[in-house]
Amino acid sequence: MIDALEQAEAAVAACSDAATWAASEHDLVAALDAAHRLEQRVAAVKLALVREVDGRGTARRQGASCTPVWLRERLRLTIPAARRLVELAATLDNGPAEIRQALADGAISVEQARVIGDTVATVHAAADTSAADKAVDVLLGWAGQFEATLLRRMGARILDHVAPEVADAAAEAAVRAQEARAARDRQVTVSEQSDGRLRLSGILDAEAAAVLRAAIDPLTAPAGPDDTRTPGQRRHDALAEVCRLALRTGELPDNGGDPAQIVVTTSYDGLTRQLGVGALDTGLHLTPDTVRRLACDAAVLPAILDGTGQPLDLGRQRRLITGPLRRALILRDRGCAFPGCDRPPRWCDAHHIHHWADGGHTTLTNAVLLCGHHHRHLHHTDWNVRLTADGHPEFIPPTWLDPTQIPRRNHYHRRT
């Protein structure tokens, strides 16, 4: 086997250097089909090898706790990917030979094989061997027309075709099995990058997915004609806004005896002169602009430190725009005041028009509601905001956007 695989590897390596630009459209498509078939054939071989390695206990003999952990180290896979590989190898080994053969022939994809194997196992448990054999034939026929997602959806009612007398009971069992798989596979991985960013990845079960979508979907629409964020960036900002809202409620469990909160430390001179960076309690740093934006709607606790950085005196915490003042601000602005934005008050920060660190007062006449996106936008661009004679905010665009700098208002939240 190893000789044949080495020959196949050499042949594939030779193909990787081929000049695809010189191929005709017919040959290009034919080559793509052939490469896809080859990929599935190789996957069938790989799954058979994984199954044998798992069955022999090779992983434990070589010092790993289980086969997925061994695969992670050997093939540099993630644990979820390695676990799915081991599970699929077992499903195909224990299932009908027709599924393994279809994959080995390149007639179905790995994901289709996974769907067919899961579905046939469900049919076998709900009906009998005869019904399971019929299901294999039906599903392999459908696999020639439908990709894995549609195939799974159609397979949910496969018993209507092969064993209608038990279809309803089996459908309920299938839903329960699907929920069990989702509960087993649910996970979120948070990986900290060297520059302080986090990489999120994971799989949500159906309920958590619905909750997440309900929470972030209203915030993922463009916030106005000036919003140039990509869909991925809007989803990122929506998730951050949901977390900020959760922090504002004050209902999260304490963390180490303190309320859940973000703690930023900076010097007074750095805050007022817009020069100093801020330090998070995680040890990471924020730019001066970010520190000032966060200070717009935060609790500020002045502290006096000695030469070694030890606290000598802690001043009284001053909440900024909260309580009755924030309620008055909401009554006035009714949501994000930036022109064209429809974000409601609960998604908004209170922004000091004349920054508190620069001597600005915490009053209704020095505040404006801004959503997270437009709060950042105002701090990092040349837009300006002011209150007019009628007490409502208006925004002056930068000259590059409007050379005449005609003031703009948000007419979304009220009739004019």
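**Figure 1. Histidine 354 and its loop.** At 41% relative accessibility, H354 counts as partly exposed. This predicted model places H354 in the loop between strand 10 (residues 348-352) and strand 11 (residues 367-371). Twelve residues of sequence separate H354 from N366, and their C-alpha atoms are 6.4 Å apart in space.

**Figure 2. A salt bridge between D227 and R229.** The closest N and O atoms of R229 and D227 are 2.6 Å apart, and the two residues form a salt bridge. Is R229 buried or exposed? With a relative accessibility of 11%, R229 counts as buried. Its partner D227 has a relative accessibility of 10% and is likewise classed as buried. Salt bridges that share partners join D227 and R229 with D237 and R376 into one network. In the structure as a whole, the count comes to 15 salt bridges.

**Figure 3. A salt bridge between D342 and R343.** R343 forms a salt bridge with D342, and the closest N and O atoms of the pair lie 3.2 Å apart. The relative accessibility of R343 is 6%, so this residue counts as buried. D342, by contrast, is partly exposed, and its relative accessible area is 33%.

**Figure 4. A salt bridge between D390 and R409.** The pair formed by D390 and R409 is a salt bridge in which the closest N and O atoms are 3.0 Å apart. Which parts of the chain does this pair tie together? D390 lies in the loop between strand 12 (residues 384-387) and strand 13 (residues 393-396), while R409 lies in the segment after strand 13, so the salt bridge connects parts that are 19 residues apart in sequence. D390 is partly exposed, with a relative accessible area of 45%. R409 also counts as partly exposed, at 29% relative accessibility.

**Figure 5. The hairpin of strand 12 and strand 13.** Strand 12 and strand 13 run antiparallel and are joined by four bridges. One pairing can be followed residue by residue: the bridge partner of N384 is I396, in strand 13. Five residues lie between the strands of this hairpin, where G391 takes a positive phi near 85°. Which residues of strand 13 point one way, and which the other? P393 and F395 point one way, E394 and I396 point the other way, and all are buried.

**Figure 6. Cysteine residues without a disulfide.** The number of disulfides in the structure is zero. For the sulfur of C371, the closest cysteine sulfur belongs to C336. These two sulfur atoms are 3.8 Å apart, which is too far for a bond, because a disulfide requires a pair of cysteine sulfur atoms within 2.5 Å. C371 is buried, and its relative accessible area is 4%. Another cysteine, C66, counts as partly exposed at 28% relative accessibility.

**Figure 7. A nonpolar patch on the surface.** Seen together, V188, V190, L198, L200, L204, L212 and L239 make a nonpolar surface patch of about 600 Å². Which elements give two or more residues to the nonpolar patch? They are strand 1 (residues 187-192) and strand 2 (residues 198-203). L200, one of the residues of the patch, lies in strand 2.

**Figure 8. Helix 1 in the open.** Helix 1 spans residues 2-16 and has 15 residues. From its first C-alpha to its last, helix 1 reaches 21 Å, close to the 21 Å expected at 1.5 Å a residue. How many of the 15 residues of helix 1 are buried? The number is zero, so helix 1 lies largely in the open. An α-helix has 3.6 residues a turn, so residues three or four places apart point the same way.

**Figure 9. Two residues with a positive phi that are not glycines.** R76 is not a glycine, although its phi is positive, at about 60°. R76 is found in the loop between helix 4 (residues 67-75) and helix 5 (residues 79-94). The relative accessibility of R76 is 69%, and R76 therefore counts as exposed. Q405 is not a glycine either and has a positive phi of about 50°. The place of Q405 is in the segment after strand 13, and at 32% relative accessibility Q405 counts as partly exposed.

Terms used
Residues are numbered from 1 along each chain as its sequence is written. This is a predicted model: local features need pLDDT of at least 70, side-chain atom pairs count only at pLDDT 80 or more; totals for chains, interfaces and linings use all residues. Side-chain values use heavy atoms; hydrogens and water are left out. A salt bridge is a side-chain nitrogen of Lys or Arg within 4 Å of a carboxyl oxygen of Asp or Glu. Buried means under 20% relative accessible area, exposed over 50%, partly exposed in between (1.4 Å probe, protein chains only). Patches are made of residues with over 30% relative accessible area and no salt bridge: like charges are joined within 9 Å, nonpolar side chains (Val, Leu, Ile, Met, Phe, Trp, Tyr) within 5 Å. Accessible areas come from the Shrake-Rupley method with a 1.4 Å probe; for residues, only the protein chains shown count as cover. Two strands pair if DSSP finds at least two bridges between them. The expected span of a helix is 1.5 Å times one less than its number of residues.
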